[in-house]
Amino acid sequence: MHEPTSLLRYDQPVSAEDEGALNLQSKLWAAKLQDKGLGNVPTGDDILHTMLPPREYEEDGYKYVQRVSTQAASRFDVITLQEHLDRRMAERKARESGICVVREQLYSQCFDELIRQVTLNLPERGLLLLRVRDELKLTIGAYQMLYDSSVGFSTRKAIQAQDGISDMENKLKGLEEDCVSLEEESVQLSHQLESTKRRENEKTNVIKKKHTEAMEFLMRSNTQLEKAVNQMESASKAK
């Protein structure tokens, strides 16, 4: 029979049908129904079992129950507990800092064992430690909820940022395509401008040439007319 390992000391497992196990379950259930507290449990052992309930597990089709040990602890037991804690931390490769489920589980078992040892000597002190333990669990649960919420929030923000980056990349790609298109259009317009200037210069040169030819023709005609008039005047005087 291989019962689950724990730093909390348990008695030897017994069958779930054992009379002692059934009586203990009845007591614990009655106390829970009355006020969910520990004031209705009369004896020290029952207080211990109410604070640290028996654990149940199944093996080879049979159910077993293990009650928390009622054996008082000595100084040697405390030293042994510390050694077991350090060894299991190393065996299970628990992290020494940061969030670590394994470390939290082992320290929780160690704290429960300390509560067991204290309760056997002074039940009231054990009850106070139990309240401290439960408050710590509530605090850790709140931190865990806050952590999960922050992780979810950061994930959503990261997704939104990624979507924003994708949109910006698409926008940048569109602007780059517009720049290329405008550059091509600018080159085309430059070519059209050069072609237009060349045609206009050619037209201007043709017009200037025609104008010059016309002026030369008129000047020759005027010269010939002047000569003709002079000749006619000379002939009239000769008569």
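In the next few minutes I will walk through the fold, the helices and the charged residues of this structure.

A word on the basis first. This is a predicted model, in which local features need pLDDT of at least 70 and side-chain atom pairs count only at pLDDT 80 or more, whereas totals for chains, interfaces and linings use all residues. Residues are numbered from 1 along each chain as its sequence is written, and side-chain values use heavy atoms, with hydrogens and water left out.

The average pLDDT of the protein chain (the predictor's confidence in each residue, from 0 to 100) is 83, and 85% of the residues score at least 70. Over residues 29-42, however, pLDDT stays under 50, and for that stretch the model has twelve contacts beyond four places in sequence, a contact being heavy atoms within 4.5 Å.

Turning to the fold, the protein chain has five helices and three strands, where helices (H or I, at least four residues) and strands (E, at least two) are DSSP runs, numbered from the N terminus. Along the sequence they follow the pattern β-α-α-β-β-α-α-α. Of the 239 residues, 20% count as buried; buried means under 20% relative accessible area, exposed means over 50%, and partly exposed lies in between, with a 1.4 Å probe and protein chains only.

Let me take the helices at the end of that pattern. Helix H5, residues 123-238, has 116 residues and reaches 168 Å from its first C-alpha to its last, close to the 172 Å expected at 1.5 Å a residue; the expected span is 1.5 Å times one less than the number of residues. Gly126, Leu130 and Arg133 are buried in H5. For H4, the 21 residues should span 30 Å, and the end C-alpha atoms are 31 Å apart, which agrees. The buried residues of H4 include Leu106, Gln109, Cys110 and Ile115.

How many salt bridges does the structure hold? There are five, a salt bridge being a side-chain nitrogen of Lys or Arg within 4 Å of a carboxyl oxygen of Asp or Glu. In one of them, arginine 133 meets aspartate 112 at 2.9 Å, N to O, and this pair links distant parts of the chain, with arginine 133 in helix H5 and aspartate 112 in helix H4, 21 residues apart. Arginine 133 counts as buried because its relative accessibility is 12%, and aspartate 112 is also buried, with a relative accessible area of 12%. Arginine 133 forms a salt bridge with aspartate 134 as well, the closest N and O atoms being 3.1 Å apart, although aspartate 134 is partly exposed at 32%. Asp112, Arg133 and Asp134 are thus linked in a network.

Within H4, the side chains of arginine 116 and glutamate 113 meet in a salt bridge at 2.8 Å, N to O. Because they are three residues apart in helix H4, about one helical turn separates them, and both are buried.

Arginine 88, in helix H3 (residues 75-91), offers a contrast to discuss. Arginine 88 is buried yet has no salt bridge, and the nearest side chain of opposite charge, glutamate 91, is 5.4 Å away; here Lys and Arg count as positive and Asp and Glu as negative, while His and the chain ends are not counted. Beyond four places in sequence, arginine 88 touches Thr5, Ser6, Leu7, Leu106 and Gln109.

Finally, lysine 93 sits in the loop between H3 and helix H4 (101-121). Its phi is near 55 degrees, a positive value in a residue other than glycine, and lysine 93 counts as exposed, at 70% relative accessibility.
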